[in-house]
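Visitor: I have a model open and would like to learn how to read it. Could you take me through it feature by feature?

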Amino acid sequence: MDKAQQDALKKAAGIEAAKLIQNGMIAGLGTGSTVRFLVDELGRRVQEEGLQFTGVTTSRRTQKQAEGYGIKIVNIDDVDHIDITIDGADEVDKNFNGIKGGGAALLWEKIVAINSNKVVWIVDQSKVVDTIGKFPLPVEVIPFGSGQVVRKFEAKGYKPTLRLDADGNPVLTDENDYVVDLHLERIDHPQELAEDLIHTVGVVEHGLFLNMVDQVIVGDPAGPRVLTNPNK
Ligand SMILES: O=C[C@H](O)[C@H](O)[C@H](O)COP(=O)(O)O
């Protein structure tokens, strides 16, 4: 599948998911190239159909895009609930365990997700996998002592790399943290790995989102299809 085909599937999933947002809702808006299509469609509905909803964003990038359409964005601490959050993902398996953070937004994304009544992911079909881990697992770490964290990960065989930008500088998250990507190839025991990572001093959060999603809208050449998590 080339990029144009993949983008078409992402866009179809984004447009389908936008239908879930109704007047008066408080909606979490994720981050990434798939979510961009969602926000474009929501912006169109706001401008052409008069849709009114309040957004809570998971990155400054999404906030900027949404506000550009006149979508009202508020701070997460200024709402008492979030009706639904729609976000992208890097991989998801049949147990509804996923990897997120390819765009370095995993921390805010996880905070918004756990405070949402319903979480929906939008992905193209290539991201639905048997076993997660082919996509490098992002881990957000505090810059101070991050080299030591990387060494600990190396010793455990996690094959870490510090994420760098095009100029060779560490990528910074919206919290000014670094991202270390773990090149694991496959993650057979995600729960155990999640426990290990979150108990590593210096780690702020990791990109394992385990059984946190209610529905996945998959962009498929035959049209978007919905996978519903039976365990939520
Ligand atoms: O940090 C970024 C997020 O977790 C994204 O939602 C994820 O990386 C998927 O992004 P994309 O839709 O660009 O593939």
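Visitor: What percentage of the residues of the protein chain count as buried?

Guide: Burial is judged by counting neighbours: a residue is buried if 20 or more other C-beta atoms lie within 10 Å of its own. In this predicted model, 44% of the 232 residues of the protein chain count as buried.

Visitor: And how does its radius of gyration sit with a compact globule?

Guide: The idea is to set the value beside what the chain length suggests. For 232 residues a compact globule would have a radius of gyration near 17 Å, and the protein chain agrees because its own value is 17 Å. Along the principal axes, the C-alpha trace spans about 55 × 35 × 35 Å. Contacts add to this picture: among those with a separation of 6 or more, 74% join residues 24 or more positions apart.

Visitor: How many helices and strands should I look for?

Guide: Look for six helices and 14 strands in the protein chain.

Visitor: In what order do the seven strands of the open sheet come?

Guide: Read a sheet from one edge to the other, strand by strand. Here the order is β3-β2-β1-β4-β7-β13-β14, with mixed pairing. The edge strands, β3 (72–73) and β14, each pair on one side only.

Visitor: Which way do β7 and β13 run, parallel or antiparallel?

Guide: Strand β7 (residues 119–124) and β13 run parallel, joined by five bridges. To find the register, look for residues that face each other: Val 120 stands opposite Gln 215 in β13. On the other pairing, Gln 215 stands opposite Thr 228 in β14. Strands β13 (residues 215–219) and β14 (residues 225–228) are antiparallel, with four bridges. They form a hairpin with five residues between them, and Gly 223 in that turn has a positive phi of about 120 degrees.

Visitor: What is the order of the three-stranded open sheet?

Guide: That sheet is antiparallel and reads β5-β6-β12. Its edges are β5 (91–92) and β12 (208–210); each has a single partner strand, so one side of each is left without a neighbour in the sheet. Strand β6 (residues 97–99) pairs with β12 over three bridges, and Ile 99 stands opposite Leu 208 there.

Visitor: Now the ligand. How many residues surround it?

Guide: A good habit is to list the shell and then sort it by class. The shell has 17 residues, and the closest are Gly 32, Thr 34, Gly 88, Gly 102 and Gly 103. Sorted by class, four are nonpolar, nine polar and four charged. Helices α2 (33–49) and α4 (106–114) each supply at least two of the shell residues.

Visitor: Which residue does UniProt list for "active site"?

Guide: The unreviewed UniProt entry lists Glu 109 under that heading. You will find Glu 109 in helix α4.

Visitor: Is Glu 109 buried or exposed?

Guide: Glu 109 is buried, because 31 other C-beta atoms lie within 10 Å. Setting aside neighbours within four places in sequence, Glu 109 is in contact with Gly 30, Thr 31, Thr 58, Asp 87 and Lys 100.

Visitor: Let me try a loop residue. Where does Pro 170 lie?

Guide: Pro 170 lies in the loop between β9 (160–162) and β10 (178–182). Pro 170 is partly exposed, because 16 other C-beta atoms lie within 10 Å. Beyond neighbours within four places in sequence, Pro 170 is in contact with Leu 162, Arg 163, Leu 164 and Tyr 178. From Pro 170 to Arg 60, 110 residues apart along the chain, the C-alpha separation is 18 Å.

Methods:
Residues numbered from 1 in each chain as written. Predicted model: local features only at pLDDT ≥ 70, side-chain atom pairs only at ≥ 80, totals over all residues. Near = placed C-beta within 6 Å. Nonpolar A, V, L, I, M, F, W, Y, C, P; charged D, E, K, R; others polar. Pairing = 2+ DSSP bridges. UniProt positions renumbered as here; feature names shortened; annotations may be inferred. Buried ≥ 20, exposed ≤ 12 C-beta atoms within 10 Å, placed from the backbone. Contact = placed C-beta atoms within 7 Å. Rg over C-alpha atoms; globule rule 2.2 N^0.38 Å.
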